[in-house]
Amino acid sequence: MSRLRLKLATAAVALVAGLGLGRAEAETVRFWYHFDNPENPMSGLVEKFEKQNPDITVEADNVPWNSYYDNLYTAIIGGNAPDAAMVKLFAQPRLVEMGALEPIGDRIDAWDGKKELLDNLLELNAGPEGKQYYLPIQYVVLYLYYRADLFKEAGLEPPKTCDEFREDAKKLTKAPDRYGFGFRGGKGGWDQWGSFVLSRGAKLEPGGLTTPEAIKANQWLVDMFQKDKSIPPSAPNDGFQEIIGAFKSGKTAMTIHHIGSSNDLVAALGDKVSAVPVPKCDGNAWTSYGDESLAIFSASENKDAAWKWISFLAEPENNVAFVKATGQMPVTKTGSKTYDGHPKRFVTATVDSLPFAHVLPQTSATSDFVNTEWQTAMQQALTGQITPEAMMEKLQGLFTE
């Protein structure tokens, strides 16, 4: 073999060996998520990321929602956790207690994308002692839906204060055909209740539900049902389907929910439906925040690569592609300005509500409050089985030292 051919052959062997070595050293990020939308953008996002990061491979697994957390906890305990995953706030205390989460506060602070995150998101997602374990990826907040056609007919503007809200509800009520406000007195209605009671200082903590202000606020809401009769008689048993159905049919003129209902309502009502932030009560507004974030697990051997991946998903363009599959809201300022997944008026109502959005304390008492106790007590108060004050005393029993 000539000297030139020998050199070429040696170079080729070295190149192949180098490529093989590169592949062996490439990092793999195992990522769990849950999408039920058949138009799943994840493969496109993975392809885009891998082109930008050829030394990282992402294995993205779409895990069914109804078994998502059971599978996740089992994987963690079994030492087979993914490197990163979608997570919700309700799971954070347990995951922290298990030592399963990697703190990412320093990474977020050093990340150029931090300045793009909407105000209040990091505060809402903070873990114990203010530590950051979660990177926001999508969210919703509750706001006030109103029938623009019925308001126009009555010569009313959407309410900005709770006093205006109550008066509008009375003026819009034409019982038994129409009621001013569709209140969700059944399961899941605590967040509507919160806009009128937690905004006035009631708190889920020892003594926080039985102050004079808290009791008065609860009485005020119950009076809308019992005295004003501006809330439908069905309210004690109404859940999500009932309040949305009544709003569509014109049975109610206002209700409270988040942007996840907007496209359905627009399909039914067109420009007859609009939205604004929930009204302020005594100068303060309170609304409920619904979350979804990304986390890195402490057992991961590829934490740097996992951070590159989850922060990539939180960049404006990628984040918009992500949330279009879920119907929720992008977490960036740029993404929010350009987002067309919902009509602009509902996007605006959501973004304008985020500064005063809140989450409930992440405790077992809160879980009982949300899942069973609030509903039972609210139904009893609305139907007169107990007084509004007794309702608050009953719920206070969950929150003791």
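**Entry 1: helices H8 and H10**

I began with H8 and H10 in this predicted model, and I noted that the two helices pack at an angle of about 15°, with their axes 11 Å apart. Angles under 35 degrees count as roughly parallel, and H8 and H10 are therefore roughly parallel to each other. I looked up the handedness as well, and the crossing of this pair, H8 with H10, is right-handed. On the side of H8 I listed Cys162, Phe165, Arg166, Ala169 and Lys170, which meet Trp220, Asp223, Met224 and Asp228 in H10. Sorting the contact of H8 with H10 by class, I found five nonpolar and four charged residues, with no polar ones.

**Entry 2: helices H11 and H12**

I then turned to H11, which covers residues 240-249, and H12, which covers residues 262-269; they pack at an angle of about 30°, and their axes are 10 Å apart. This pair, H11 and H12, is therefore also one I can write down as roughly parallel. H11 passes H12 in a right-handed crossing. From H11 the contact takes Ile244, Phe247 and Lys248, and from H12 it takes Asp264, Leu265, Ala268 and Leu269. By class I recorded five nonpolar and two charged residues in the contact of H11 with H12, and no polar ones.

**Entry 3: the four-stranded sheet**

Next I traced an open sheet of four strands, whose order is S6-S7-S5-S8 and whose pairing is mixed. S6 and S8 stand at the edges with a single partner strand each, so one side of each has no neighbour in the sheet. Averaged over neighbouring strands and with direction ignored, the turn of one strand against the next in this sheet is 20°. I followed one pairing in detail: S5, residues 143-147, pairs with S8 in the antiparallel sense over four bridges. In that pairing, Leu144 has Val276 in S8 as its bridge partner.

I also asked what packs on the sheet, and I noted H9 and H12. H9, residues 190-197, touches S6 and strand S7 (252-257), and its direction makes about 100° with that of S7. H12 touches S5 and S8, and the direction of H12 makes about 5° with that of S5.

**Entry 4: backbone details in loops**

I checked the loops for backbone features and found a cis peptide bond joining Ala175 and Pro176, with omega about 5°. Pro176 lies in the loop between helix H8 (162-172) and strand S6 (179-182).

Lys229 is not a glycine, yet its phi is positive, at about 55°; I placed Lys229 in the loop between helix H10 (212-228) and H11. Asp282 likewise is a residue other than glycine with a positive phi, near 55°, and Asp282 belongs to the loop between strand S8 (273-276) and strand S9 (287-296). With a relative accessibility of 62%, Asp282 counts as exposed.

**Entry 5: two buried loop residues**

I looked up Gln132, which sits in the loop between helix H6 (121-125) and strand S4 (135-141). Is Gln132 buried or exposed? Its relative accessible area is 14%, so I entered Gln132 as buried. Leaving out residues up to four places away in sequence, Gln132 touches Pro103, Ile104, Gly105, Ile108, Leu122, Asn125 and Ala126.

Leu118 came next, in the loop between helix H5 (105-110) and H6. Leu118 is buried too, with a relative accessible area of 10%. With residues up to four places away in sequence again set aside, I listed the contacts of Leu118 as Tyr139, Pro330, Val331, Thr332, Lys333, Ser336 and Leu354. I also noted a separation: Leu118 and Thr326 are 208 residues apart in sequence, and from C-alpha to C-alpha they are 19 Å apart in space.

**Entry 6: the chain as a whole**

Last, I took down the overall values. I recorded 18 helices and 10 strands for the chain, and its C-alpha atoms fill a box of roughly 100 × 50 × 35 Å along the principal axes. The chain has 401 residues, of which 52% count as buried. Taking contacts between residues at least 6 apart in sequence, I noted that 75% of them join residues at least 24 apart.

Key. Residues numbered from 1 in each chain as written. Predicted model: local features only at pLDDT ≥ 70, side-chain atom pairs only at ≥ 80, totals over all residues. Heavy atoms only, no water. Axes fitted to C-alpha atoms, helices over the stretch in contact; angles between N-to-C directions. Parallel < 35°, antiparallel > 145°, perpendicular 65-115°, else oblique. Left-handed = near helix turned anticlockwise from the far one by under 90°. Contact = heavy atoms within 4.5 Å. Nonpolar A, V, L, I, M, F, W, Y, C, P; charged D, E, K, R; others polar. Buried < 20%, exposed > 50% of the residue type's maximum accessible area, 1.4 Å probe, protein only. Pairing = 2+ DSSP bridges.
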